[in-house]
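Please open the model in a viewer and keep the selection panel at hand. The tour moves from one selection to the next and states what is found at each stop.

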Amino acid sequence: MTAPVVPGAGHAEPGPAAWPTGEVPAGGWPQPAAYQPVEPDRFTRLVIRLHERAPRWAVPLAALGCVGMGMAYALVSDPTHSDPDARPTCLLKLTTGLDCPGCGGTRALWYVLHADLPAAARHHFLFVFSLPFLAYLFVAWAGNQAFGWRLPELRLSPKVIGGFLAAWLAFSVLRNLPWAPFTALYV
């Protein structure tokens, strides 16, 4: 409960006139100045206007386009027949010689797109394992955004997500160890 406002007792009336001014009250800490909202610039106003006018299916379609471009890149570049040092290359592998957590992912995607799951799993098992979950999450999200579908939610607890990230980290470390049986994980 707050004390009642008594005029003339050192309290200001509520409202904009009572907002802090940055002055130091007697025996107190300085009060911060009032927040003044910033007027958005032209580009921000354009983005806001486009967002307000965009149909419901625009964002899922844009996300699908990005995924499609990634798949097209994997198909066109054919990472399975390129040299390990061919451009573009992984900066971590280029500088340290170690496989990064995503090393082999593009090759695994290429093999998945050609329906060769054993070869895809050989290049990046956890990527191949996570694809059905990622696909379902995308379809559920996009269907809800674009068409209002209510697919059953895939509820992943923080412990499951943390366990998956820990497995990915362990996989990333183990695949770089230079002795058997871990050399089989080297791509």
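A search of the whole structure finds 1 salt bridge, and the tour of this predicted model begins there. Select Glu153 and Arg155: these two residues form a salt bridge, with their closest N and O atoms 3.8 Å apart. That distance satisfies the criterion because a salt bridge requires a side-chain nitrogen of Lys or Arg within 4 Å of a carboxyl oxygen of Asp or Glu. Side chains of opposite charge can pair when their charged atoms come close. Glu153 is exposed, at 61% relative accessibility, and Arg155 is likewise exposed, at 69%.

**The whole chain**

Next, show the chain as a cartoon and colour by secondary structure. The protein contains 7 helices and 0 strands, and from the N terminus on its elements run α-α-α-α-α-α-α. Now switch to a surface display. About 14,200 Å² is exposed by the protein, and carbon and sulfur atoms supply 69% of that area. Of the 187 residues, 15% count as buried. Among contacts in the protein with a separation of 6 or more, residues 24 or more positions apart account for 49%.

**Helix α1 and its charge**

Select Arg42, Arg45, Arg49 and Arg53 with the surface still displayed. These four residues gather in a patch of positive charge. Arg53 belongs to helix α1, which spans residues 42-53. With a relative accessible area of 66%, Arg53 is exposed.

**From α2 across to Ala142**

Move on to Ala58, which is located in helix α2 (residues 58-77). Is Ala58 buried, partly exposed or exposed? Ala58 is partly exposed, its relative accessible area being 24%; this value falls in the intermediate class because buried means under 20% and exposed over 50%. Add Ala142 to the selection and draw a distance between the C-alpha atoms. The separation is 9.9 Å, although the two residues lie 84 residues apart along the chain.

**Helix α4 and the loop after it**

Select Gly105, Ala108, Leu109, Trp110 and Tyr111, the buried residues of α4. Which helices do the buried residues of α4 pack against? They pack against α2, α5 and α6 (125-147).

Continue to Ala115, in the loop between α4 (105-113) and α5 (117-123). Just after α4, Ala115 takes a positive phi of about 60°. Most residues other than glycine have a negative phi, and most peptide bonds are trans. The phi of Ala115 is thus worth inspecting as a positive value in a residue other than glycine. Ala115 counts as exposed, at 68% relative accessibility.

**Helix α7 and the segment after it**

Select Ser172, which is found in helix α7 (residues 158-174). This serine is buried, with a relative accessible area of 8%. Which residues does Ser172 contact, leaving aside its neighbours within four places in sequence? Asp99 and Pro101 are in contact with Ser172, and both can be added to the selection as sticks.

The last stop is Pro181, in the segment after α7. Show Ala180 together with Pro181 and inspect the bond joining them. Is this peptide bond cis or trans? The peptide bond from Ala180 to Pro181 is cis, with omega near 5°.

Conventions. Residues are numbered from 1 along each chain as its sequence is written. This is a predicted model: local features need pLDDT of at least 70, side-chain atom pairs count only at pLDDT 80 or more; totals for chains, interfaces and linings use all residues. Side-chain values use heavy atoms; hydrogens and water are left out. Helices (H or I, at least four residues) and strands (E, at least two) are DSSP runs, numbered from the N terminus. Buried means under 20% relative accessible area, exposed over 50%, partly exposed in between (1.4 Å probe, protein chains only). Contact means heavy atoms within 4.5 Å. Patches are made of residues with over 30% relative accessible area and no salt bridge: like charges are joined within 9 Å, nonpolar side chains (Val, Leu, Ile, Met, Phe, Trp, Tyr) within 5 Å. Accessible areas come from the Shrake-Rupley method with a 1.4 Å probe; for residues, only the protein chains shown count as cover. Lys and Arg count as positive and Asp and Glu as negative; His and the chain ends are not counted. The place of a charge is taken as NZ of Lys, CZ of Arg, CG of Asp or CD of Glu.
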